[in-house]
Amino acid sequence: MIRLSEWLTENSAALIYTDINRRYFTGFNSSLGYLLVSKNESISLVDGRYYIAAKTAVKNSKVELLKNVTDQIKRF
């Protein structure tokens, strides 16, 4: 599988929000969450129901608790 970050430029990012696409890129299944990907990093935002499981299961992305997605995207 080609990593999504390889397709991105230094000044671009991708926001993955559908459950099937998040599962494809992280291997973790959840009904709610977001995956933010840039050339150099990725963050999985998951709600409290999935946080502990995601911290264990997601290996290719940093995991953060979903609080305010708009603010978290801006910071990313």
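User: In this predicted model, is Asp47 buried or exposed?
Analyst: Asp47 has a relative accessibility of 12%. The cut-off for burial is under 20% relative accessible area. Asp47 therefore counts as buried.

User: Which residue forms a salt bridge with Asp47, and how far apart are the closest N and O atoms?
Analyst: A salt bridge needs a side-chain nitrogen of Lys or Arg within 4 Å of a carboxyl oxygen of Asp or Glu. For Asp47 the partner is Arg49. The closest N and O atoms of this pair are separated by 2.8 Å.

User: Is Arg49 buried or exposed?
Analyst: The relative accessibility of Arg49 is 57%. Exposed means over 50%, so Arg49 counts as exposed.

User: How many salt bridges does the structure hold?
Analyst: One salt bridge pairs Arg49 with Asp47. Glu64 forms a salt bridge with Lys62, where the closest N and O atoms are 3.5 Å apart. The total for the structure is two.

User: Why does Glu64 count as partly exposed?
Analyst: Partly exposed lies between the limits of under 20% for buried and over 50% for exposed. Lys62, the salt-bridge partner of Glu64, is also partly exposed, at 48%. Glu64 counts as partly exposed because its relative accessibility is 22%.

User: Which side chain makes a polar contact with the side chain of Glu64?
Analyst: The contact has a length of 3.4 Å, and a polar contact requires N or O atoms within 3.5 Å. The residue on the other side belongs to helix α3, which spans residues 69–75. That residue is Gln72.

User: Which backbone oxygen does the side chain of Gln72 reach?
Analyst: Gln72 is buried, with a relative accessible area of 6%. Beyond its neighbours within four places in sequence, Gln72 contacts residues including Leu36, Leu45 and Lys67. At 3.0 Å, its side chain reaches the backbone oxygen of Leu65.

User: What distance separates the C-alpha atoms of Gln72 and Ile43?
Analyst: Along the chain, Gln72 and Ile43 are 29 residues apart. In space, their C-alpha atoms are separated by 9.8 Å.

User: Which side chain does Ser42 join through a polar contact?
Analyst: Ser42 is in strand β3, residues 42–46, and is buried at 16% relative accessible area. Leaving aside neighbours within four places in sequence, its contacts include Leu35, Val37 and Asn60. The polar contact, of 3.2 Å, is with the side chain of Ser61.

User: Which elements give two or more residues to the largest nonpolar core?
Analyst: Seven residues make up this core: Leu4, Leu8, Ala14, Ile16, Phe25, Leu35 and Val37. The elements that give two or more of them are β1 and β2 (33–38).

User: How many residues does another core, apart from the largest one, have?
Analyst: This core lies apart from the largest one. Its members include Val46, Ala54, Val58 and Val63. The count is six residues.

User: What is the area of the nonpolar surface patch with Leu15, Tyr17 and Ile73?
Analyst: Leu15 is found in strand β1, residues 13–16. A patch residue needs over 30% relative accessible area, and Leu15 is partly exposed at 39%. The patch that Leu15 makes with Tyr17 and Ile73 covers about 290 Å².

How values were computed
Residues numbered from 1 in each chain as written. Predicted model: local features only at pLDDT ≥ 70, side-chain atom pairs only at ≥ 80, totals over all residues. Heavy atoms only, no water. Helix = DSSP H or I, 4+ residues; strand = E, 2+ residues; numbered from the N terminus. Buried < 20%, exposed > 50% of the residue type's maximum accessible area, 1.4 Å probe, protein only. Contact = heavy atoms within 4.5 Å. Polar contact = N/O pair within 3.5 Å; in protein donor to acceptor, adjacent residues only side chain to side chain. Patch = residues over 30% accessible without salt bridge, like charges linked within 9 Å, V, L, I, M, F, W, Y side chains within 5 Å. Areas by Shrake-Rupley, 256 points an atom, 1.4 Å probe, with all protein chains shown as cover. Core = buried A, V, L, I, M, F, W, Y, C linked by side-chain atoms within 4.5 Å.
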